[in-house]
Each structure stands twice: as structure tokens, then as C-alpha cells.
Protein chains: 2
Amino acid sequence: MNEVLELTRVKECSGEYVLAIHDTMNVINGKWKLPIMGSLLYGKKRFKELEREIPGITPRMLSKQLKDLELNSIVKRTVYNTTPVTVEYELTPSGKEFRSVLDVMVEWGMQHRKRVLKKIR
Amino acid sequence: MNEVLELTRVKECSGEYVLAIHDTMNVINGKWKLPIMGSLLYGKKRFKELEREIPGITPRMLSKQLKDLELNSIVKRTVYNTTPVTVEYELTPSGKEFRSVLDVMVEWGMQHRKRVLKKIR
DNA sequence: TATATCGATATACTTTTGTATAGTAGTTAC
DNA sequence: GTAACTACTATACAAAAGTATATCGATATA
């Protein structure tokens, strides 16, 4: 096989990978995105519900991060014209699928913890 | 089944999960840890090699992040008493295992990108 | 009339993270 | 002797992220 072509393919491939990882990082960066997504995994939530469920978050941060998540198509915001307005946040299909990432993060985190504790004892 | 006990178990469980995710986040936070780990996936590297391979990183950041990764048992630092000293960095078993997290991050990132593009077109 | 709720936004501030630039001690090559 | 390489460290600064606190208009409740 042509080695130059092969190298090009590898480079393109790793380029795509880097992009994909970058996208994923963008979704989870900062202190509050994962707690918000974690809370929304259990169903739709309103602003104040999220504020109450996520200890320590300020409305400013909640608002900011929700906007960010909406921009990245992770969260869908729906406004109902009740009085006063009701606003509901829910995960998009992409947001729900993110669970698979969380799952391996949990698995790796627990394995890592085990390995580190083994060495210390 | 006792509902109170069940609730306790669920809470403990989700507590462990949150801890594990927190640990995982600690490994990848900041701008440079993933590029460093990515570079080390292909084998041991010396300080200057990493500096050359990771575009834009300053020696200060490289040094800092390597120390962080070493503290978290992701990277192992070995000093050889040659003249001048040679220092080699490599991934620990935990560090190598982190590939599984990267893999789903890549997969999710690519799927997410597809879903988003579909909507725009 | 007073107070509380909802879904935020405004302003000011602190902390964390990252950048820019220079310098160190020891060694090797020209 | 001077320039370059290795593996860093020091200092100063800029930018990003997060916190604290107050406020908004509209409505519902006591």
C-alpha cells in the first residue's frame, strides 16, 4: 500500500478524533454542566427546580450554562405562555446519549480509584 | 423491600458515581492534559519531545500539567542519571486505560456532530 | 398592602487558569 | 569562546471562570 496515502489517512483520522474529543470537552467543561445534565437525566426540569437540586449554583451560572448547553444542542428549552411564564429544560437526543460517556467515566474513575488505593496500602 | 434502605442504597450509589466522575474530570481538566496524554499514548516521551509535539504549549504549562498527571497516577516520570539527565514520561496502567474514555468521547462527539449537521441542512 | 414565586439579568469582585518572557546549571559541538 | 541542547523554574501579566449580591416585571397568596 502507498505509504504516503496511508499516512494522510492516519492524519485525517486523528484530526477527526481530535475534533470529536474537542466537541465532547466543550460539552462538559466548567464546574456546572455535568451536574445540570445529571439532574436532567431524570426528566424535564424548570429553572427553579434545577436551582434547588444543584447545591451551590447561582442563578447567573445556571442561566449561563443552560444557554451554553442549548447552543450546543444538548438541552432544549421550551417556554409555555402561562402567567407567569413556565420554562422547561430537557435533554435532546444527543444529551440523552451522553449517558454513555458518563458511564465509562464512572467505570474508569472507579477502577482508577481501586488501582491507586491498592498501591497505597 | 424496605424503601428507606433502598433509598439509602441509591444515594450511596449515586454518591460513588459522582465521586468517580469527579475523579475523571480531574484528570482531563484544563487545556493541556488531553493533548499530553494523547501524545503519550504512542509511547514514552521526553520533556522536549512533548514540547515539540504539542503545538503552543509553554514549558511552564507542560511542567505543571505533567506534575499534576504524575500526582494523579496517570503519568510516570523516570529520571536516568546520564549527563545531562534524561527524563522520560509514560502512561501508567490507569493512564493507558483512559483510552476507553477517550474512545467513547470520540464516538459521542462524532455522532453528536452528525445529528447537529442533519438539523441544519 | 405586604410578601413570595418565577425566570432570569446587572454589577462588581475574586479565583483559577493560561501566556509571555527570561533565566538556571550542566554539557556538548563548532 | 560562544552557541545550542536539556529539563526545567521564576516573575509578571492577561484572560477566563466562578461568586456574591441586588434587582427586574409580572403574578399569586395571605
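How far is a phosphate oxygen of DNA strand C from an N or O atom in the side chain of A:R46? In this predicted model, the distance is 3.2 Å. That contact is a handy way into the structure, so let's stay with the DNA for a moment.

Two other arginines of chain A are worth a look. The side chain of A:R77 puts an N or O atom 2.4 Å from a phosphate oxygen of DNA strand C. With A:R60, the partner is a base oxygen of the strand, and an N or O atom of the side chain sits 3.0 Å from that oxygen. If you're wondering which parts of the fold supply the surface near DNA strand C, the elements giving two or more residues are α3 (47–53), α4 (59–71) and β3 (86–91) of chain A, plus α4 (59–71) of chain B. The top contributor is α4(A), with four residues.

Now zoom out to the whole neighbourhood of the strand. There are 20 residues around DNA strand C, and the ones that come nearest are A:S63, A:R77, A:Y89, B:K31 and B:R60. On the DNA side, sugar and phosphate make up 71% of the strand's atoms that come within 4 Å of the protein. By character, the residues of this surface split into eight charged, seven nonpolar and five polar.

Next, the two protein chains. Turn chain A by 180°, with a shift of 0.0 Å along the axis, and it lies on chain B with an RMSD of 0.1 Å. That's the relation of a two-fold axis. The interface tells a matching story: 100% of the interface residues of chain A are also interface residues in chain B, so the copies meet through the same surface.

Aromatic rings are a good thing to look for here. Over all chains, a search of the whole structure turns up two aromatic pairs. In one, the ring centres of A:F98 and B:W108 are 4.9 Å apart with the planes at 90°, so this pair is edge-to-face. The pair crosses between chains: A:F98 is in the loop between α5 (93–97) and α6 (99–120) of chain A, while B:W108 is in helix α6 (residues 99–120) of chain B. Both partners are tucked away, since A:F98 is buried at a relative accessible area of 0% and B:W108 is buried at 3%.

The other pair is A:W108 with B:F98, again with centres 4.9 Å apart and planes at 90°, and so edge-to-face. Here A:W108 lies in helix α6 of chain A and B:F98 in the loop between α5 (93–97) and α6 of chain B, so this pair also joins two chains. A:W108 and B:F98 are both buried.

Definitions and conventions
Residues numbered from 1 in each chain as written. Chains lettered and ligands numbered in written order. Predicted model: local features only at pLDDT ≥ 70, side-chain atom pairs only at ≥ 80, totals over all residues. Heavy atoms only, no water. Least-squares fit on C-alpha atoms with pLDDT ≥ 70 in both. Contact = heavy atoms within 4.5 Å. Near = heavy atom within 4 Å. Polar contact = N/O pair within 3.5 Å; in protein donor to acceptor, adjacent residues only side chain to side chain. Nonpolar A, V, L, I, M, F, W, Y, C, P; charged D, E, K, R; others polar. Phe/Tyr/Trp six-rings, centres within 6.5 Å; stacked < 30°, edge-to-face > 60°. Buried < 20%, exposed > 50% of the residue type's maximum accessible area, 1.4 Å probe, protein only.
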